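Biologist: I am new to this structure and would like a close look at a single part before anything else. Please start with one side chain of your choice and lead me from there to the rest.

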Amino acid sequence: MNEVKDTLKVIEDNYKLFLQQQFTFVGALQHTRENAHDMIRPVASISQVQSYMDHYCNNLTDRRILTMFLNICNDLSNLCHKLETVHPGNSTTNEILERCKLLLNHSNDLSTIRAKYPHDVVNHLSCDEAKNHFGGVVSLIPVVLDGVKEWLSHTEKLPRRMLCNVSDRSAVAEKRAPQDAASRAAISPKTPSVHPEAQTSVSNKDCVQVQGNKHVRKKHMTDRENHCEKLKGPWKPPGRHAF
């Protein structure tokens, strides 16, 4: 939620700079409409402003202010999509969010919306400009900002358990992964483990047994050799035979 507030603060700061240049923005729209020979219909959508900038903008000042307007609209659109991942939504918050997303749709007709008090963007226009040409397009950003603030106000009143950030979901998934692995390991058959001391004891027994076998074989060979010596008897030189 803090990240949402920080993003909103950045957008508001950019809008304050843009608001100081509203006359420049209206002048840029007027110039591009003249170049497009489109002086009758009102500026009624974001895509219309984009088309004016792409095809009928002849100077850097007009291009800069039109780009600034389009960038703020794009940042607000990204923020609205982010809000969907921050909160699961109820009927009130979902309605507010859908209204903001609809206003930021590039093909949506903005000609009938008007920013109300405390916003005075419409008051800086002439009656003809406000009614027939630019009243909707200059009202877009402040109306959406009010909608996002309203969304935040309703969300902060809801129980904290209803907040569900995507990063929190990821943290829960990462926390559960070792537990799932442990469960799978518990289900799978395991080979019996032998304690190191038991292994040492077994190895010592094997060594004693091997040494005992060697001793038995050695003793058996010694007894056999002694038996053979007894059978042979002491050595005697051959005697003479009488003829």
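**From one side chain outward**

Modeller: Let us start at cysteine 57, which counts as buried because its relative accessible area is 10%, below the 20% limit for that class. Please keep in mind throughout that this is a predicted model. Cysteine 127 makes a good contrast: with a relative accessibility of 70% it is classed as exposed, because the limit for that class is over 50%. A cysteine invites the thought of a disulfide, and a disulfide is a covalent bond between the sulfur atoms of two cysteines. Searching the whole structure for such bonds gives 0 disulfides.

With that settled, here is the frame around our cysteine. The chain has 9 helices and 0 strands, so reading along the sequence you meet the pattern α-α-α-α-α-α-α-α-α. Of its 243 residues, 29% count as buried. The accessible surface comes to about 16,900 Å², and carbon and sulfur atoms account for 55% of that surface. If you take contacts between residues at least 6 apart in sequence, 71% of them join residues at least 24 apart.

What ties parts of this chain together through charged side chains? The structure holds 8 salt bridges. One of them joins lysine 82 to glutamate 3, with the closest N and O atoms 3.4 Å apart. This pair links distant parts of the chain, since lysine 82 sits in helix 4 (residues 60–86) and glutamate 3 in helix 1 (residues 2–19), 79 residues apart. Lysine 82 is partly exposed, at 28% relative accessibility.

Helix 1 takes part in another such link. Lysine 5 and glutamate 156 meet through their side chains in a salt bridge of 2.6 Å, N to O. Lysine 5 belongs to helix 1 and glutamate 156 to helix 7 (residues 135–156), so this salt bridge ties together parts that are 151 residues apart in sequence. Both ends are partly exposed: lysine 5 has a relative accessibility of 35%, and glutamate 156 has one of 46%.

There is also a salt bridge inside helix 1, between aspartate 13 and lysine 9, where the closest N and O atoms are 3.1 Å apart. Why does this pair span about one helical turn? The two residues are 4 residues apart in helix 1, so about one helical turn separates aspartate 13 from lysine 9. Aspartate 13 is partly exposed at 31%, and lysine 9 is partly exposed at 45%. Elsewhere, Glu84, Glu98 and Lys101 are linked in a network of salt bridges.

Now for the aromatic side chains. A pair of aromatic rings is described by the distance of the centres and the angle of the planes. Rings are paired if their centres lie within 6.5 Å, and by this rule there are 4 aromatic pairs. In one pair, the ring centres of phenylalanine 18 and phenylalanine 25 are 5.0 Å apart and the planes stand at 65°, so the arrangement is edge-to-face. Phenylalanine 18 and phenylalanine 25 are both buried. These two also belong to a wider group, as Tyr15, Phe18, Phe25 and Phe69 form one aromatic cluster.

Two more buried residues are worth a visit. Threonine 93 is part of helix 5 (residues 91–103), and its relative accessible area is 1%, so it counts as buried. Which residues does threonine 93 touch, leaving aside its neighbours within four places in sequence? Threonine 93 is in contact with His87, Trp151, His154 and Thr155.

Asparagine 108 is placed in a loop, the one between helix 5 and helix 6 (127–133). Asparagine 108 counts as buried, at 16% relative accessibility. Its side chain reaches the backbone oxygen of leucine 102 at 3.4 Å. Once neighbours within four places in sequence are set aside, asparagine 108 is in contact with Ala44, Ser45, Leu102 and Leu103.

To return to where we began, cysteine 57 is buried at 10%, and the search of the whole structure found 0 disulfides.

Terms used: Residues numbered from 1 in each chain as written. Predicted model: local features only at pLDDT ≥ 70, side-chain atom pairs only at ≥ 80, totals over all residues. Heavy atoms only, no water. Phe/Tyr/Trp six-rings, centres within 6.5 Å; stacked < 30°, edge-to-face > 60°. Buried < 20%, exposed > 50% of the residue type's maximum accessible area, 1.4 Å probe, protein only. Disulfide = S-S within 2.5 Å. Salt bridge = Lys/Arg side-chain N within 4 Å of Asp/Glu carboxyl O. Contact = heavy atoms within 4.5 Å. Areas by Shrake-Rupley, 256 points an atom, 1.4 Å probe, with all protein chains shown as cover. Polar contact = N/O pair within 3.5 Å; in protein donor to acceptor, adjacent residues only side chain to side chain.
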